[in-house]
Amino acid sequence: MRDILAPESARWRAFTQVFAEVVESAGYGLIIPPMMEDLGVFTRLGDATDVVTKEMYDFVDKGERHVALRPEQTASVCRAFAQHRPVTPWKAWYSGPNFRYEKPQRGRYRQFDQVGVEVLGVDDPYLDVEVIALGWEFYRRLGLQQVTLLLNSLGEPDDRARYVEALRQHFDAAGDDLSEQSRRTLDKNPLRVLDSKRREDQPIVAAAPTIDQFWSDAAAEHFATVQSGLRELDIAFTVDMKLVRGLDYYRRTTFEFQGGTLDSAQNALGGGGRYDGLVEDLGGPATPGVGFALGVDRTLLACDDEGVFDAPDPAVDAFVVDTTGGAQALAITAALRQAGLRADRAYENRSMKAQMKAANRSGAAYAVIVGTDEVDNGTVAVRPLRGDGEQVTIARDSLITDLHTRLQGSNQ
Ligand code: AMP
């Protein structure tokens with residue numbers, strides 16, 4: 001778990017802001033679910049999911065409730081839907097931290113942030129396209145160029161069940177040729193064996209049956225429409241029949257956004273899909289759902305690698321230097337801030353030299369200087385700190401207008 005300090009933290013806030021703009025322009029409303037839920041909310045995600053079985057921060061609280069810090073937010077959103085029964089289609093977006101007891105490394109942390117969307121109550125392949133397109137547009141707004149989209153369909157639940165059985169037989173037949181790790185995975189979830197990165201597993205995985213042989217007509221048609229919708233929007237994608245993703249609740253469409261600059265073990269920037277059974281599992285009515293979650297930490301690493309989406313400039317507009325004791329700086333910074341300008345000041349009544357040093361270090365565009373002469377004459381001195389403009393003395397009453405004009409000029 002990490003601290004995020006300024007100016008990096010300002011970048012995080014800007015990140016969420018850009019995401020909010022993209023999804024709110026498509027009718028999604030913010031949901032703020034609690035950080036902690038009854039354990040049962042998450043165990044519904046499936047007992048073959050590492051996130052649930054191995055990585056959850058769960059504990060018994062003082063009221064003897066078995067609770068867990070959320071490892072993801074889709075389950076919470078579905079729980080909220082089952083509880084509040086909002087009008088459908090219900091389009092929700094979220095942002096915030098999740099917790100998983102994973103082995104920390106670059107791009108993988110025990111507390112990590114996600115932004116995401118979920119839409120409940122609509123079974124329309126064009127909605128899958130909308131959701132994918134929102135993720136795609138978000139990456140475009142960040143300036144990322146090396147993101148690829150992988151797409152698959154896990155079929156209807158029956159198709160998926162028949163496929164899982166066929167995989168089980170295929171991997172069973174490989175016997176000891178399969179790595180010990182994958183044999184263990186096989187017991188719990190044959191689909192996840194497809195994710196194996198072990199070299200000895202590769203030929204066996206390559207020869208495994210593919211899901212398309214098991215798609216029902218309806219699932220195949222749904223998937224074909226998703227693909228044609230993406231083509232219509234000029235969104236490039238690769239169909240990857242081995243894409244199963246970590247969570248067990250997906251049905252039909254699944255997708256993943258991968259970053260081109262990251263190590264393959266941590267290159268998934270985000271992913272999602274359809275999870276038509278989850279609301280029902282959580283005690284609500286049978287409700288189709290589709291959504292995605294994008295990892296903030298990892299996406300920002302990709303931005304670093306591609307040299308895009310820099311932290312916003314933290315510098316203030318004006319830095320007030322007051323050699324008369326500090327009360328002038330108090331009044332002037334307050335007036336500037338009320339007028340919507342970003343203003344800071346020096347403290348502890350230091351020397352002019354020390355205060356100017358602080359002004360330069362702050363990165364401010366202008367120093368506003370007040371000494372005894374200025375106080376006597378009702379003036380202030382304004383000194384540009386960037387570039388080579390001259391210091392001028394102006395009436396104190398016109399400071400705000402003067403600074404506004406100067407800043408507008410420098411922004412043009
Ligand atoms: P998931 O909820 O597992 O489908 O993950 C969606 C996205 O969240 C991933 O593609 C990552 O970008 C991010 N993510 C998941 N787990 C972690 C983690 N432990 N640390 C950082 N990012 C993560």
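User: Let's start with the overall layout. Which domains does the domain assignment give for the chain?

Analyst: Happy to begin there. The assignment gives domain 1, made of 8-156 + 216-306, and domain 2, covering 318-411. Keep in mind as you look around that this is a predicted model.

User: How far apart do the C-alpha centres of domain 1 and domain 2 lie?

Analyst: The C-alpha centres of the two domains are 48 Å apart.

User: Now to a strand. How do I read the pairing of strand 7 with strand 9, parallel or antiparallel?

Analyst: Two strands count as paired if there are at least two bridges between them. Here, strand 7 (residues 147-153) and strand 9 (residues 251-259) run antiparallel and share seven bridges. To find one by eye, go to Val-147, whose bridge partner in strand 9 is Gly-259.

User: And which way does strand 8 run beside strand 7, parallel or antiparallel?

Analyst: Strand 8 (residues 238-239) is parallel to strand 7, and two bridges link them. Look for Leu-150, which faces Thr-238 of strand 8.

User: Is strand 7 mostly covered or open, and how many of its residues are buried?

Analyst: Mostly covered: six of the seven residues in strand 7 are buried.

User: Let's move to the ligand. Which residues around the ligand come nearest?

Analyst: The ligand has 14 residues around it, and the nearest are Arg-100, Glu-102, Tyr-109, Arg-245 and Ala-268. By type, the shell holds five nonpolar, four polar and five charged residues.

User: Which strands supply at least two residues each to that shell?

Analyst: Those are strand 6 (111-120), strand 10 (268-274) and strand 11 (289-295). Strand 10 gives the most, with three residues.

User: What polar atoms lie by the oxygen atoms of the ligand, in side chains or in the backbone?

Analyst: You will find both kinds. In the side chain of Arg-100, an N or O atom is 2.8 Å from a ligand oxygen. Ala-268 uses a backbone N or O atom, again 2.8 Å from an oxygen of the ligand. For Gly-295, a polar backbone atom is 3.4 Å from a ligand oxygen. On its own the ligand has 480 Å² of accessible area, and the protein covers 93% of that.

User: One last residue: why does Ser-182 count as buried?

Analyst: The cut-off for buried is under 20% relative accessible area. Ser-182 counts as buried because its relative accessibility is 2%. This serine sits in helix 7 (residues 180-188), and its side chain makes a polar contact of 2.6 Å with the side chain of Asp-201.

Terms used. Residues are numbered from 1 along each chain as its sequence is written. This is a predicted model: local features need pLDDT of at least 70, side-chain atom pairs count only at pLDDT 80 or more; totals for chains, interfaces and linings use all residues. Side-chain values use heavy atoms; hydrogens and water are left out. Buried means under 20% relative accessible area, exposed over 50%, partly exposed in between (1.4 Å probe, protein chains only). Helices (H or I, at least four residues) and strands (E, at least two) are DSSP runs, numbered from the N terminus. Domain bounds come from an automatic or database domain assignment. A residue is near a molecule or strand if one of its heavy atoms lies within 4 Å of it. A polar contact is a pair of N or O atoms within 3.5 Å; within protein, one must be able to donate a hydrogen and the other to accept it, and residues adjacent in sequence count only if both atoms are side-chain atoms. Accessible areas come from the Shrake-Rupley method with a 1.4 Å probe; for residues, only the protein chains shown count as cover. Ala, Val, Leu, Ile, Met, Phe, Trp, Tyr, Cys and Pro count as nonpolar, Asp, Glu, Lys and Arg as charged, and the others, Gly among them, as polar.
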